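User: Hi! I am new to protein structures and would like a close look at one part of this one. Could you take me through it step by step?

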Amino acid sequence: MVPLPIMGKHPINLSIPMKSLLTTLSILALMLPQVQGASSPGSNVTTSVFGKLPLGAPVTLYTLTNKRGASVSIMDYGATVVNLRMPDRRGKLDDVVLGFDTLASYISNKPYFGATVGRYANRIAKGRFTLDGKVYHLPINNGENSLHGGKVGFNKKMWTAHIVSQHPAAVAFSLASPNGDQGYPGTLKTTVTYILNDQNALIILYGASTDRPTVLNLTNHSYFNLAGAGNGQVLNHRVKINAFYYTPTDAHLIPTGEIRSLIGTPFDFRKFTPIGAAIQQTGGNPIGYDHNYVLAKAGSKRFALAAEVYEPTSGRFLKVFTDQPGVQFYTANFLNGIPGKGGKKYPQYGAFCLETQHFPDSPNHQNFPSTVLRPGEIFRSATVYKFGVR
Ligand code: BGC
């Protein structure tokens, strides 16, 4: 069983999502045999100052370390994963996520490296949707569309952090987004909890509640390179995605509404396939994978294995589990040599993202699973990135 974190004294009020965290964790304990294991005194959470915002507020980096020495560092600005150090098959730890050395770089962070994305991950066509007969307008920040929650999305907010537990290492980040924030209705209270267990699983729990009907789609935007961040392209990584369908898009990456079979197409990852095998046939501008996969279990809210990735040189292996209906498989097509951690340049295809999510632009597609959250409901979701070696 995953031991439940002991809730200590809280520097912040326990909002409804925060309370729901305990429920979510106990559900998880029953649901996640893949990531279970006893926690040990070897794990811990430490803090350091990562930088200062322009007005002087300090940004804190929370480093969760497990008994194997693997670690994840997350800052309260954007509840952003900054570093993730996992062993290769020889036991050598490497940072496997792209990012920056300085807070200043994260403030512009055009690729959304490591960020918590909200209120609505991915695109909403023309920044417009209708809910209960009312039209809402969102900031346009990507061509003619609204991307990743608008100009000042959750990735650009200061979250309130709270160390939930030392064993396992767990930190919760909370954010109250006011009614009308970036055009979205409802005061939305969100909590994102990161847990690093001793089996090298990074568990991410989301909780949210609203005081008016709204729409919601939360994800984490980590860019992974299992050979080590900044270590070239990921075209030789082998990927498997548990999906038979995807949601094709128009030239502006907005879903057409079709749920299309991927069998026998360049989007078919039902068997382990190198990312580079058919990438040139994906089309798009820039060319590459930037598609929402309809997870085989999409009709249910079941927590299940969504995708697996293997990198042959390091032997690192990643399994992604989620209860979300979709996953955005994105191969960092828009990167073009941006300098990152340690001055390393990140090339196009220098990482892959597996952003667990509801489908892009769902508020404008009746046939997609609903992203509506109403007062009195609590949104709960879990995604697990479990690392191993072969
Ligand atoms: C989107 C890409 C976008 C990237 C960075 C991904 O979730 O699908 O189109 O370029 O995020 O914003």
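User: Which residue of strand 24 does tyrosine 293 stand opposite?

Analyst: Happy to help! Residues are numbered from 1 along each chain as its sequence is written. Keep in mind that this is a predicted model: local features need pLDDT of at least 70, side-chain atom pairs count only at pLDDT 80 or more, and totals for chains, interfaces and linings use all residues.

Tyrosine 293 stands opposite valine 327 in strand 24. Strands here are DSSP runs (E, at least two residues) and helices are too (H or I, at least four residues), both numbered from the N terminus. Strand 21 (residues 290–295) pairs with strand 24 in the antiparallel sense over five bridges; two strands count as paired if DSSP finds at least two bridges between them. In general, strands of a sheet pair through backbone hydrogen bonds, either parallel or antiparallel.

Now move on to the next pair. Strand 24 (residues 326–330) is joined to strand 27 by five bridges, again antiparallel. Here glycine 326 stands opposite glutamine 357 in strand 27.

Put together, these strands belong to an open sheet of five, in the order 19-18-21-24-27, with antiparallel pairing. Strand 19 (260–261) and strand 27 are the edges: each has a single partner strand, so one side of each is left without a neighbour in the sheet.

What about the surroundings of strand 27? Strand 27 (residues 353–357) is mostly covered, with five of its five residues buried. A residue is buried if 20 or more other C-beta atoms lie within 10 Å of its own, exposed if 12 or fewer, and partly exposed in between, with C-beta atoms placed from the backbone. Cys353, Glu355 and Gln357 are on one side of strand 27, Leu354 and Thr356 on the other, and all are buried.

Some residues of this region also turn up around the ligand. Its surroundings include Asp290, Gln328, Tyr330 and Glu355, where a residue is near if its C-beta atom, placed from the backbone, lies within 6 Å. By class, the shell has five nonpolar, three polar and two charged residues. Ala, Val, Leu, Ile, Met, Phe, Trp, Tyr, Cys and Pro count as nonpolar, Asp, Glu, Lys and Arg as charged, and the others, Gly among them, as polar.

Finally, a word on confidence. pLDDT is the predictor's confidence in each residue, from 0 to 100. The chain has a mean of 92, and 90% of its residues reach 70 or more. Among the elements of the chain, strand 27 has the highest mean pLDDT (99) and helix 1 (residues 16–31) the lowest (46).
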